[in-house]
Every structure is written in C-alpha cells, then in structure tokens.
Amino acid sequence: MGQLKSMPGPQARRASGAGRRIYEHLRAQMAEGILGVGARVPSTRALAAELGVSRTTVSAAYDQLAAEGFIVTTPGRATRVAAVAASAAIADRTRPRRAAGHRSAELSAFGRRVQAMRLAAMPPAEHLPFDFLYGAVGARDFPSVTWRRAYLAALWEAQPRLYYAPPEGDEALRRALSGYLWRARGLRCLPEQIVVVNGSQQAIDLCARVLLDADDAFVFEEPGYSMARSCFEATGAQGLNVPVDEHGLTTRRLPGDQRIRLAYVTPSHQFPMGGTLPIARRQELLAWARRQRAWVVEDDYDGEFRYGQHPIDALASLDTDGRVIYVGTFSKALSPQLRLGYLVLPTELQEPFQKAKRLTDRHAPVLEQRTLAALIDSGAYERHVRRMRREYERRREALLRAIARELPQGTEILGAAAGLHVVMRLPLAGLGAELELITAARRRGVAVYPLSTSFATEVRRSPSRGVAFVLGYASLSSTQIVEGVRLLGEAVRELSGSVLD
Ligand SMILES: Cc1ncc(COP(=O)(O)O)c(C=O)c1O
C-alpha cells in the first residue's frame with residue numbers, strides 16, 4: 001500500500017464515519033503532494049482489505065472524490081489522481097500559513113490596526129474565591145424569576161411569522177426607555193432618537209465608524225476606558241489624551257485641534273478614577289464641542305448607582321444644540337452577558353446610525369428586548385435597580401471599612417461615591433511592586449487588577465505614584481469582600497519589607 005501507510009487505524013474501522021475519513025485522508029494526501037497528479041490510487045478492494053472496512057464504504061468515498069473531480073475512475077483501469085487535484089486539494093485551516101507576514105499583508109488598514117492592538121487580556125479562566133474583577137456582577141443578583149416570567153410571555157406572544165425586526169430596536173423598549181431616561185437620568189428624548197444595541201461596546205464602535213476617519217482626531221480621558229479607546233483608534237484617528245483629576249475631565253485642557261471630531265467622556269462617574277464632572281466643567285465641555293463642531297459621546301455606564309445622593313442628571317440633559325450622543329447599558333444593573341445597551345442620538349444622526357446598525361447585525365435580539373420593555377413598564381426594573389443600589393451600598397461600606405482596617409496607612413481610595421468599583425492606591429514603591437502584589441494576592445486566592453492598564457501613556461510607570469488597583473466589588477458578597485481584603489492585607493505585609501514606602 002506504500003503511500004497510504006498512515007491511513008486511519010483500527011479505531012477508525014469502528015467509526016461510523018469511516019467513509020468520510022477515507023475521503024478526507026486521501027484529500028489531505030493530495031494536498032501534501034504525497035499523492036501527486038496522475039498517481040495511482042489503491043483499488044477499492046485492496047484498500048477495503050487493508051483497512052478492514054467493507055468495499056462499499058471505500059467505494060462511497062471514491063465516488064465522492066470522483067464526483068468532485070479529484071480522481072478519475074475508468075472501468076477496467078487503475079484509478080488515478082486528477083490533473084487539478086493537487087492545487088484544489090483540501091486546505092488544512094488549522095495550520096498556520098508558511099510565509100511569514102503573509103496574513104497582515106492581506107488585511108485592510110483597519111484589520112492591520114486591530115491586529116496590532118494590545119487589548120486588555122481576558123481574566124484567567126481559573127476562578128479565585130476572592131476576585132475583585134471589575135465588570136462582573138453577582139449571578140445570584142440577577143432577577144431570574146421576574147426575567148423568566150417576562151421572557152416566556154414574550155415568547156408566547158403570537159407573531160404571524162418570524163422575520164427581522166427594525167434595526168433601531170423594539171418599539172415597546174424604545175418607548176419604555178424614553179420614559180425611564182426621563183425619570184432616572186433627567187434626559188428628555190423621543191423613542192425615535194433611541195437605537196438599541198448589543199451593549200455599549202457596540203454603541204461606541206458605531207460612533208467610531210460613523211463619525212471618525214483616519215485623518216481625524218478624538219479627545220479621550222487619561223486614564224480612561226481602554227475598550228472605548230481601542231474602538232476609536234481602530235479607525236486610524238489620533239487620540240488626544242486629556243488628563244482627569246478627582247472631578248473628571250480637566251476641561252480647561254481641552255485642545256483646539258481642528259481635526260477633532262469627537263470627545264468620549266464618562267461624566268457621571270469617570271472611568272476608572274471615579275470623579276463626577278461638576279456643572280461648570282459640563283458647560284465648558286459643551287461650549288468647546290460647539291466651537292469645535294465636535295460630537296460628545298457620553299458613556300453613562302453606571303449612572304444609576306450613586307450612593308448617599310440622588311443620581312446626577314446626564315450630561316445630555318444639558319445639551320441644547322444636539323452635540324451629545326448618550327450611551328446607556330444594562331450590563332451593570334442586570335448582566336454584562338445580556339449584551340443590551342442603547343444610544344440616544346441627536347436627530348441628524350438617527351438615520352446613519354440605524355443604517356450602520358442594520359449593516360452590522362440587523363438588530364439586537366428581539367425576545368430580550370421585549371422582556372426588558374415589560375420589566376421597565378411594570379416597574380420591576382426600577383425596583384431591581386433600587387434594591388441593587390442598597391445592596392451595593394452595603395458591599396461598598398464593607399469594602400471601605402475592611403480597607404481602612406487591613407491595609408497600611410496612607411492607602412488612598414478614589415471614586416467611591418458611585419458605581420461598582422473603587423480605585424485603591426497603596427503606598428508601595430518600585431516598578432515590580434504591582435506584579436509582586438498581584439502574585440502574592442493570587443497565592444491567597446485573591447485576584448486584583450492594576451489601574452495601569454487604563455492609561456494610554458507611560459506616565460503610569462512612574463514608581464513614585466504608588467501602586468493602584470481597580471477593585472470591582474459587585475460580584476462578591478460582603479463576607480467575601482471582608483475576607484478578600486484581609487488576605488490582601490496579608491499579601492501587602494508580606495511584601496512590605498521590600499516595597500513599602
Ligand atoms: C466605562 C465603561 N463603559 C461601558 C461599559 C459596559 O460595556 P457594555 O455595555 O458593552 O457591557 C463598561 C463596563 O465595564 C465600562 O466600564
């Protein structure tokens with residue numbers, strides 16, 4: 001049998017798809033040139049005997065190869081590999097292509113930029129018991145019973161047929177949202193201005209693609225939300241970083257560059273530092289946008305969660321000349337896995353955004369949208385948000401008290417007035433301290449994530465600034481938070497000899 005020495009082994013004979021495996025094996029041999037053009041293919045009888053399968057099985061594989069033009073069978077003569085076989089033979093797509101650099105040469109400019117990006121790593125799959133992962137919420141906090149009831153009702157609602165829904169989103173949800181935004185965020189808008197999207201990430205991506213070109217520039221908070229920055233950078237536009245302080249964006253430092261087409265801001269609770277943009281700066285930002293003829297993308301990702309005070313109205317509620325694009329999400333109040341969010345658009349942007357959404361993925365999932373609409377209309381959504389606000393307030397208190405008790409003097413907490421995370425700066429010095437603490441904490445079952453990844457510039461590397469972490473506490477119970485911080489305190493003490501200031 002010479003060339004076919006590595007045919008499927010005895011286990012393949014028992015496999016139900018033996019014919020398919022013979023077919024694939026022969027095609028792979030053609031692809032690799034082991035069976036070259038014109039080469040003789042074993043007879044069905046010989047191959048069946050060698051493999052211990054029926055001749056019918058081998059014949060079926062040969063018939064398929066012949067039908068596709070890979071082999072030529074002539075009655076009474078040997079079967080041979082056809083002339084076109086080698087060039088058209090099966091591609092093994094699991095193997096990397098040989099020529100180095102070949103792939104990037106084939107990508108678009110956008111594709112090359114995306115490929116070259118260093119996106120934040122996904123957290124390790126191994127789940128530690130005390131994981132201060134920002135962006136996660138507690139699975140047990142999801143209102144499963146209410147959701148299931150509303151979802152089933154949406155499922156059973158009679159539809160004459162199943163067809164694509166409007167790209168801007170379900171009408172009932174857009175109506176419900178326009179009422180909700182007025183009650184909760186002081187934002188007046190018409191349902192027509194809303195486009196429902198698959199999470200804020202898609203909203204931001206649509207803003208990038210609809211509003212930016214490669215020669216443009218955009219203003220970005222420093223530090224800021226890197227998943228948004230990457231979307232804008234992927235267009236080829238240049239990011240102009242404006243520093244944030246404890247109140248958010250330092251609006252007096254907004255640049256006057258004529259290339260600027262938009263600014264991305266998180267005014268309710270700056271991500272990650274946690275400042276709330278004061279009214280004077282809000283007005284300064286809007287006046288700047290007017291002068292620059294720039295759009296302002298307001299990412300209101302956790303605006304519902306403010307502690308001790310009433311949530312502050314959205315920046316978009318002050319916008320009198322249609323410059324602000326408001327972005328909201330259900331990732332914090334319900335679940336990031338829902339992938340549901342929305343844009344509230346100035347009138348002239350409605351059409352391009354609806355069309356871009358349609359080209360991207362037609363529309364957001366219909367049943368989930370209707371479920372959400374029912375939850376908002378019945379008041380269940382707002383009850384859930386109120387309950388979670390009280391709950392998060394308790395967890396936040398537990399966190400702050402534990403930090404005060406367990407971590408060294410001089411530990412600083414930023415941005416605790418709102419949201420589901422705080423920034424904690426420790427009085428640790430040395431460039432290696434961040435990694436050392438992460439490793440020491442991990443050994444104790446505690447996961448913490450550095451602030452440094454939210455900076456675009458290298459300023460973050462300065463050892464004199466101390467080591468800072470973004471602590472998300474929404475997915476942990478108060479008990480887990482207290483124990484997690486105690487163990488973190490132990491890890492800090494372990495390092496303290498070498499790195500404490
Ligand atoms: C600043 C910011 N914007 C938006 C989001 C939510 O994104 P999405 O709605 O795509 O889940 C997050 C979540 O972590 C965030 O931190």
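This is a short walk through the fold of one chain, given as a talk at group meeting.

Okay, hi everyone. Before anything else: what you have in front of you is a predicted model. The chain has 501 residues, and buried ones make up 40% of them. In it there are 17 helices and 17 strands. If you take contacts between residues at least 6 apart in sequence, 74% of those join residues at least 24 apart.

Let's go to the eight-stranded sheet. What order do its strands come in? Reading across, it goes β5-β12-β11-β10-β9-β6-β7-β8; the sheet is open and the pairing is mixed. At the edges you have β5, residues 194-197, and β8, residues 248-249. Each of those has a single partner strand, so one side of each is left with no neighbour in the sheet.

Start at the β5 end. β5 and β12 run antiparallel, joined by four bridges, and one pair to look at is Val 197 with its bridge partner in β12, Gly 341. On we go to β11, residues 324-329, which is also antiparallel to β12, again with four bridges. There, Tyr 326 is partnered with Val 344 of β12.

Stay on β12 for a second. In general, side chains in a regular strand alternate between the two faces of the sheet. So which residues of β12 sit on which side? Gly 341 and Leu 343 are on one side, Tyr 342 and Val 344 are on the other, and all of them are buried, so to speak, with both faces of β12 covered.

Now the middle of the sheet, and β9, residues 260-265. Why do I call β9 largely enclosed by the rest of the structure? Because six of its six residues are buried. On one pairing, β6 (residues 217-222) runs parallel to β9 through four bridges, with Val 219 partnered to Ala 263. On another, β9 runs parallel to β10 (residues 295-299), also through four bridges, and there Val 265 has Glu 298 as its bridge partner.

And then the β8 end. β7, residues 238-245, pairs with β8 in the antiparallel sense over two bridges, and Val 244 stands opposite Leu 249 in β8.

Right, a helix next: α9, residues 171-185. It has 15 residues, and at 1.5 Å a residue they should span 21 Å; the end C-alpha atoms are 20 Å apart, which agrees. Which residues of α9 are buried? Leu 173, Arg 174, Ala 176, Leu 177, Leu 181 and Arg 185. Looking down the axis of α9, those buried residues fall within an arc of 160 degrees, so they line one face of the helix. That fits the usual picture, where an α-helix has 3.6 residues a turn, so residues three or four places apart point the same way. And what do the buried residues of α9 pack against? β5, β12 and α14, the last being residues 366-378. Over on the other side of α9, Gly 179 and Arg 183 are exposed. Just after the helix comes Gly 186, with a positive phi of about 65 degrees.

On to the cores. The largest nonpolar core has 107 residues, and those with the most contacts inside it are Phe 218, Leu 262, Val 296, Ile 325 and Leu 343. Domain 2 (130-134 + 383-499) and domain 3 (164-378) both give residues to this core, so it lies between them. Leu 343 is the β12 residue we just met. Setting aside neighbours within four places in sequence, its contacts include Ile 194, Val 195 and Val 197, along with Ile 325, Tyr 326 and Phe 353. Apart from this core there is another one, of 17 residues, with Ala 18, Ala 61, Leu 65 and Ile 71 among them.

Two last stops. There's an open three-stranded sheet in the order β1-β3-β2, paired antiparallel. β1 (40-41) and β2 (71-72) are its edges, each with a single partner strand, so one side of each has no neighbour in the sheet. β1 joins β3, residues 79-81, by two bridges, and Val 41 stands opposite Thr 79.

Finally, Glu 348, in the loop between β12 and α13. Buried or exposed? Exposed, because Glu 348 has 8 C-beta neighbours inside 10 Å, and the cut-off for exposed is 12 or fewer. Glu 348 and Gln 193 are 155 residues apart along the chain, yet their C-alpha atoms are separated by 9.4 Å. That's my tour, thanks.

Notes:
Residues are numbered from 1 along each chain as its sequence is written. This is a predicted model: local features need pLDDT of at least 70, side-chain atom pairs count only at pLDDT 80 or more; totals for chains, interfaces and linings use all residues. Two strands pair if DSSP finds at least two bridges between them. The expected span of a helix is 1.5 Å times one less than its number of residues. A residue is buried if 20 or more other C-beta atoms lie within 10 Å of its own, exposed if 12 or fewer, and partly exposed in between; C-beta atoms are placed from the backbone. The arc is that of the directions from the helix axis to the C-beta atoms. Two residues are in contact if their C-beta atoms, placed from the backbone, lie within 7 Å. A nonpolar core is a set of buried Ala, Val, Leu, Ile, Met, Phe, Trp, Tyr and Cys residues joined through C-beta atoms within 7 Å. Domain bounds come from an automatic or database domain assignment.
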